[in-house]
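Trainee: I would like a close look at a single part of this protein, set in the context of the whole chain. Please take it step by step.

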Amino acid sequence: MIKLILSLLKTDSKVQQYIATSTSNSENLARLHALKKDIGLAQMKDCYHVFVTREIIRSYDGHRTDTYNRLGCIKCGLKDIHTSELDFTSSSIEEEMPSIYQETARSGVRIDVACSLALAMAIYSGILKKHPTITDQEMVRYFKLALQDIRKTPVTRQHQDKRIRRLGLHPGFSAWNEKDIIHN
Ligand SMILES: [Zn+2]
């Protein structure tokens with residue numbers, strides 16, 4: 001019975017139109033997704049990176065503790081990751097990051113700041129909106145000042161939510177300070 005109803009429905013012109021539209025919508029979405037990926041990767045390849053320390057890793061092998069920094073670019077989001085860290089949840093962009101990082105990491109600067117990459121990128125895009133023609137040197141200066149300002153200004157929970165929205169961060173974001181990003 002259901003099969004019959006379905007086959008009848010499929011002959012209805014409105015239903016046919018709906019099926020055609022939703023198919024082309026999902027095709028467009030897939031195309032848009034692929035395009036976004038291509039743009040993201042092209043940006044990473046062309047970027048003159050400005051790296052911050054996004055994680056500080058301490059590893060203890062039973063004899064001594066090694067500390068090393070993981071970097072991330074505040075402009076394009078390129079991260080210093082290793083293929084072994086990638087799992088099935090990684091996005092296709094993340095899978096291509098290690099090779100892009102190897103190819104392009106030398107073209108860029110590293111600023112001596114430890115900061116959540118999401119926060120750093122949000123600050124960067126805020127500065128860029130106000131100053132679209134800013135140079136990289138000016139950007140670094142403005143970025144440090146903006147980060148300092150955020151970190152030295154204590155805010156209430158309510159204000160924090162406002163700040164999260166203003167910066168376009170995900171709700172519940174809490175890695176405002178350097179200590180919040182340190183992983184062991
Ligand atoms: Zn970059």
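In what order do the elements of the protein chain run from the N terminus on? And which residues of helix α4 are buried, and what do they pack against?

Mentor: This is a predicted model. From the N terminus on, the elements of the protein chain run α-α-β-β-α-β-α-α-α-β. The radius of gyration is 22 Å, well over the 16 Å that the globule rule gives for 184 residues, so the protein chain is more spread out than a compact globule. The count of elements is six helices and four strands. Along its principal axes the C-alpha trace spans about 70 × 40 × 35 Å.

The domain assignment splits the protein chain into domain 1 (2–41) and domain 2 (47–183). Their centres, taken over C-alpha atoms, are separated by 38 Å. One residue pair can be set beside that: S26 and R54 are 28 residues apart in sequence, and their C-alpha atoms are 35 Å apart in space. S26 lies in helix α2, which covers residues 13–46. S26 counts as exposed because it has 10 C-beta neighbours inside 10 Å, and the cut-off for exposed is 12 or fewer.

Now to the part you asked about. Helix α4 covers residues 117–130, which makes 14 residues. From its first C-alpha to its last, α4 reaches 20 Å, close to the 20 Å expected at 1.5 Å a residue. Its buried residues are L117, L119, A120, M121, A122, I123 and Y124. They pack against two strands, β1 (49–60) and β2 (65–73), and against two helices, α5 (136–152) and α6 (157–167).

In soluble globular proteins, nonpolar side chains tend to be buried together. Here the largest nonpolar core has 22 residues, and those with the most contacts inside it are I74, A120 and I123. At least two residues of this core come from each of β1, β2, α4 and α5. The largest share, seven residues, is supplied by α4.

A120 deserves a separate look, as a residue of α4 that is buried and among those with the most contacts inside the core. Leaving aside neighbours within four places in sequence, A120 is in contact with V52, G72, I74 and C115.

For the protein chain as a whole, 16% of the 184 residues count as buried. Of the contacts with a separation of 6 or more, 64% are between residues 24 or more positions apart.

Notes
Residues numbered from 1 in each chain as written. Predicted model: local features only at pLDDT ≥ 70, side-chain atom pairs only at ≥ 80, totals over all residues. Domains from an automatic or database assignment. Expected span 1.5 Å × (residues − 1). Buried ≥ 20, exposed ≤ 12 C-beta atoms within 10 Å, placed from the backbone. Contact = placed C-beta atoms within 7 Å. Core = buried A, V, L, I, M, F, W, Y, C linked by C-beta atoms within 7 Å. Rg over C-alpha atoms; globule rule 2.2 N^0.38 Å.
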